[in-house]
Amino acid sequence: MRLGILLVFGLAFLAARAYEGAVGPLPVLHANETHPSGEAGRTSSAGQVQGEAYTIDGDTIRVNRTTKVRLLGVAAPERDERGGPEATAFMKRLVNGKTVRCDLNGEKTYDRLVGTCYVDGRDIGEAVIRAGLARDCPRYSGGRYAHVEPPQAASLPFPEYCA
């Protein structure tokens, strides 16, 4: 009986070590603590991530140097597209080096978590759209930002996935 219990625990230990080797160290989370990936002790990526932010492009930021977050419902031009460098520069001025809070919706796109992010209580997605440097992506925003999108934003690229 003891041998069987030891065998089960031994196999569980080996499986955990193999998993850890494949995905990196397993986080140790305490009550009310959030892992930098935005996962608060759950397998889903829903939750919050908070920390120092840096811009990747007009609709993606990096939080705590490790977690990429795609702004939910925001379609900014890529850095190499018309308007992309301006959107990226705006985001740098808005968030770089500042503390942000992102409310994650549990989805991932490519290697990024998805969420609505705030700096100083201000919705970052709304700010970049209001500035005319990104578009509301109604398929994902539900039209949340349509009322702040200025007419000049219509000249920016509009991804097919937003329709």
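User: Which residues of α2 are buried?

Analyst: In α2 these are G84, A87, T88, F90, M91, L94 and V95. Buried stands for a relative accessible area under 20%, exposed for over 50%, and partly exposed for the range in between, with a 1.4 Å probe and protein chains only. This is a predicted model, in which local features need pLDDT of at least 70 and side-chain atom pairs count only at pLDDT 80 or more, while totals for chains, interfaces and linings use all residues. Residues are numbered from 1 along each chain as its sequence is written, and side-chain values use heavy atoms, without hydrogens and water.

User: How do you know where the buried residues of α2 lie around its axis?

Analyst: Looking down the axis of α2, the buried residues fall within an arc of 160°, so they line one face of the helix. The arc is taken from the directions that run from the helix axis to the C-beta atoms.

User: What makes α2 a helix of the expected reach?

Analyst: Helix α2 covers residues 84-95, twelve residues, and its first and last C-alpha are 16 Å apart, close to the expected 16 Å. The expected span is 1.5 Å times one less than the number of residues. Just after α2, G97 has a positive phi of about 80°.

User: How many helices and strands does the chain have, and how do you know?

Analyst: The chain has four helices and eight strands. They are DSSP runs, helices being H or I with at least four residues and strands E with at least two, numbered from the N terminus. In sequence order the pattern is α-β-β-β-β-α-β-β-β-α-β-α. Of the 163 residues in the chain, 37% are buried.

User: Why does Y110 count as buried or exposed?

Analyst: The relative accessibility of Y110 is 77%, so Y110 counts as exposed. Y110 sits in the loop between β5 (99-109) and β6 (112-119). Its phi is positive, about 55°, although Y110 is not a glycine.

User: What makes N64 a residue to set beside the accessibility cut-offs?

Analyst: N64 has a relative accessible area of 29%, so N64 is partly exposed. The loop that holds N64 joins β2 (60-63) and β3 (67-71). N64, too, has a positive phi, near 60°, in a residue other than glycine.

User: Why is L156 called buried?

Analyst: The relative accessible area of L156 is 9%, which means that L156 meets the definition of buried. L156 belongs to the segment after α4 (138-141).

User: Which residues does L156 touch, and how do you know?

Analyst: Leaving out residues up to four places away in sequence, L156 touches P77, R82, G83, G132, L133, A134 and R135. A contact is counted when heavy atoms are within 4.5 Å. L156 and G83 are 73 residues apart in sequence, with their C-alpha atoms 6.8 Å apart. Across the chain, residues 24 or more positions apart account for 52% of the contacts with a separation of 6 or more.

User: How is A146 classed by accessibility, and why?

Analyst: A146 has 44% relative accessibility, so A146 counts as partly exposed. A146 is also in the segment after α4. Its C-alpha is 9.4 Å from that of E126, and the two residues are 20 apart along the chain.
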